[in-house]
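Welcome! Take a moment to look over the sequence and the 3D view, and then we can walk through some features together.

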Amino acid sequence: MEPVNLYDLEKLAGETLPHNMWDFVDAACNDEITKRRNREAFDRITVNSDFLQDVSNRDLTTTVLGEKISFPVMVAPAGGQRQAHPEGERATAMGAGAAGTLMALNTSSGYSIEEVAEVATGPLWWQLYHFNDEVTELLVTRAKAAGYKAIVLTIDTPAPSPKERDVRNGYHALPGLHWGSLRDRPDLVALRSVGIPDLADWNPPDFTGLTWERLDWLRNLTGLPLVVKGVRTVREAAQCAEYGVDGIIVSNHGGRQMDGTRSTIETLVPIAEAVGGGNMEIYLDSGIRRGMDVLKALALGARAVLVGRPLFWGLAHDGARGVEMMLNILRAEFDRSMAYCGKRTPAEIDRAVVELPCQCWSGSPIFAQ
Ligand SMILES: Cc1cc2nc3c(=O)[nH]c(=O)nc-3n(C[C@H](O)[C@H](O)[C@H](O)COP(=O)(O)O)c2cc1C
């Protein structure tokens with residue numbers, strides 16, 4: 001079957017990947033309610049057409065923290081890529097570059113910070129799970145030296161979240177396919193020991209010692225722009241703005257960390273109302289599967305979005321070419337979505353493009369500052 005959309009790629013990956021690996025990628029936390037809600041919420045938003053506009057010259061490009069990307073979709077940081085394809089993160093970087101967009105490399109990547117940078121043709125960000133000051137200093141410094149453009153701090157893992165499917169499967173990280181950046185420093189890798197079996201999604205220790213007050217410390221290590229990933233509430237978004245963070249990723253980790261929170265597209269609404277329009281760029285991930293989802297996220301205040309699981313589907317299908325194919329499918333769908341809504345550029349996509357299923361998405365007291 002030649003994949004026509006991302007769901008085709010998902011189906012093919014389900015047939016290709018070993019059962020345990022498939023579950024590792026597909027699984028989410030506990031009852032997987034938030035994961036389902038991520039999709040359901042996108043599906044409940046309706047869009048307004050705007051025909052008979054001159055949309056013959058559409059330009060999908062945008063910038064993220066000043067880096068030009070060919071369309072407003074990036075590749076999310078994700079662990080375990082070498083277990084989906086031998087070339088792992090290097091293939092993903094090549095696929096993202098071929099599609100003209102940015103990849104965020106995860107902390108425990110199977111290939112090192114430098115090995116990925118060597119083959120990347122698009123911009124890179126480096127994602128950090130902080131568990132020890134010395135390790136963080138070492139890795140962010142190397143990321144800067146290798147040309148990564150920003151540090152992405154993932155904040156939504158104050159406690160490990162073993163996926164129950166992984167526990168049942170007895171899934172383990174395969175030796176040698178993770179922690180490429182610390183290949184010669186097993187002593188440092190050992191510092192992150194969590195006292196439970198290593199479940200490859202890289203479960204950080206319970207409390208990592210990094211709090212809002214120490215964001216300046218982190219930023220001063222490199223001076224690179226700081227993006228905070230895993231923002232779920234207006235309060236957190238407002239704190240990020242207060243601390244002068246450069247960008248936030250409204251993310252619930254694809255439902256993989258902490259079940260029971262809202263979907264990200266619901267969360268985006270009050271967050272964009274509260275902190276949109278300032279200097280801090282707002283991105284979103286979790287549940288993006290269609291070009292129309294990208295348009296909906298931009299209409300509700302995101303500058304760009306990221307995809308997580310789909311990168312594994314692309315990798316499993318055809319390595320770098322599969323990742324490029326996945327992104328190009330999304331691009332073609334996004335391009336058509338813009339045309340239907342009478343838009344020629346991402347900047348023209350405004351709130352009038354979408355209808356929310358109910359007003360309850362904005363102004364909830366739970367999300368008030
Ligand atoms: C297999 C897998 C591993 C992941 N590992 C990480 C990680 O190491 N660091 C991180 O910040 N997010 C990680 N994520 C979360 C993604 O960055 C992203 O937030 C999520 O996948 C987006 O949702 P989606 O899969 O529905 O697109 C991982 C996601 C998956 C599917």
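Which residue of strand 9 stands opposite valine 231? The partner is valine 250 in strand 9. Keep in mind as you explore that this is a predicted model.

**Parallel strands**

Strand 8, residues 226-231, is a good place to start. Six of its six residues are buried, so strand 8 is largely enclosed by the rest of the structure. Strand 8 pairs with strand 9 (residues 247-250) in the parallel sense, over four bridges. Strand 7 (residues 151-154) also runs parallel to strand 8, and four bridges join the two. There, valine 152 stands opposite valine 227 of strand 8.

**Nonpolar cores**

Valine 227 turns up again in a core of 14 residues, which also includes Val64, Ala104 and Ala150. That core is separate from the largest nonpolar core, which holds 94 residues. In the largest one, the members that touch the most others are Trp126, Tyr148, Ile248, Ile265, Leu284, Met326 and Leu327. Helix 13 (residues 309-340) supplies the largest share of this core, with twelve residues.

Which residues does leucine 284 contact beyond its neighbours within four places in sequence? Among them are Phe42, Ile249, Val250, Thr264, Ile265 and Leu268. Val250, the residue opposite valine 231, is thus one you have already met. Further contacts of leucine 284 include Ala297, Ala302, Ala304, Val305 and Leu306.

**A pocket to find**

Ala302 also helps to line the second largest pocket, where it is among the residues that lie nearest the centre, together with Ile282, Leu298, Gly301 and Arg303. The lining has 20 residues in total, and the pocket has a volume of about 350 Å³. Strand 10 (281-285) and helix 12 (291-299) are the elements that give two or more residues to this lining. By type, the lining divides into nine nonpolar, seven polar and four charged residues.

**Two positive phi values**

Most residues other than glycine have a negative phi. Here are two residues with a positive phi, set side by side.

| Residue | Phi | Loop | Relative accessibility |
|---|---|---|---|
| Leucine 65 | near 50° | between strand 2 (62-64) and strand 3 (67-69) | 23% |
| Tryptophan 179 | about 60° | between helix 7 (164-169) and helix 8 (186-190) | 7% |

Is tryptophan 179 buried or exposed? Tryptophan 179 is buried, because its relative accessible area of 7% falls under the 20% cut-off. Leucine 65, at 23%, counts as partly exposed.

Conventions: Residues are numbered from 1 along each chain as its sequence is written. This is a predicted model: local features need pLDDT of at least 70, side-chain atom pairs count only at pLDDT 80 or more; totals for chains, interfaces and linings use all residues. Side-chain values use heavy atoms; hydrogens and water are left out. A nonpolar core is a set of buried Ala, Val, Leu, Ile, Met, Phe, Trp, Tyr and Cys residues joined through side-chain atoms within 4.5 Å. Buried means under 20% relative accessible area, exposed over 50%, partly exposed in between (1.4 Å probe, protein chains only). Contact means heavy atoms within 4.5 Å. On a 1 Å grid over the protein atoms alone, a cavity is a set of points where a 1.4 Å probe fits but cannot get out, and a pocket is an open set with protein on both sides within 12 Å along at least five of seven lines; lining residues have an atom within 4 Å of a point. Grid points are joined across faces, edges and corners, and a volume is the space filled by probe spheres set on the points. Ala, Val, Leu, Ile, Met, Phe, Trp, Tyr, Cys and Pro count as nonpolar, Asp, Glu, Lys and Arg as charged, and the others, Gly among them, as polar. Two strands pair if DSSP finds at least two bridges between them.
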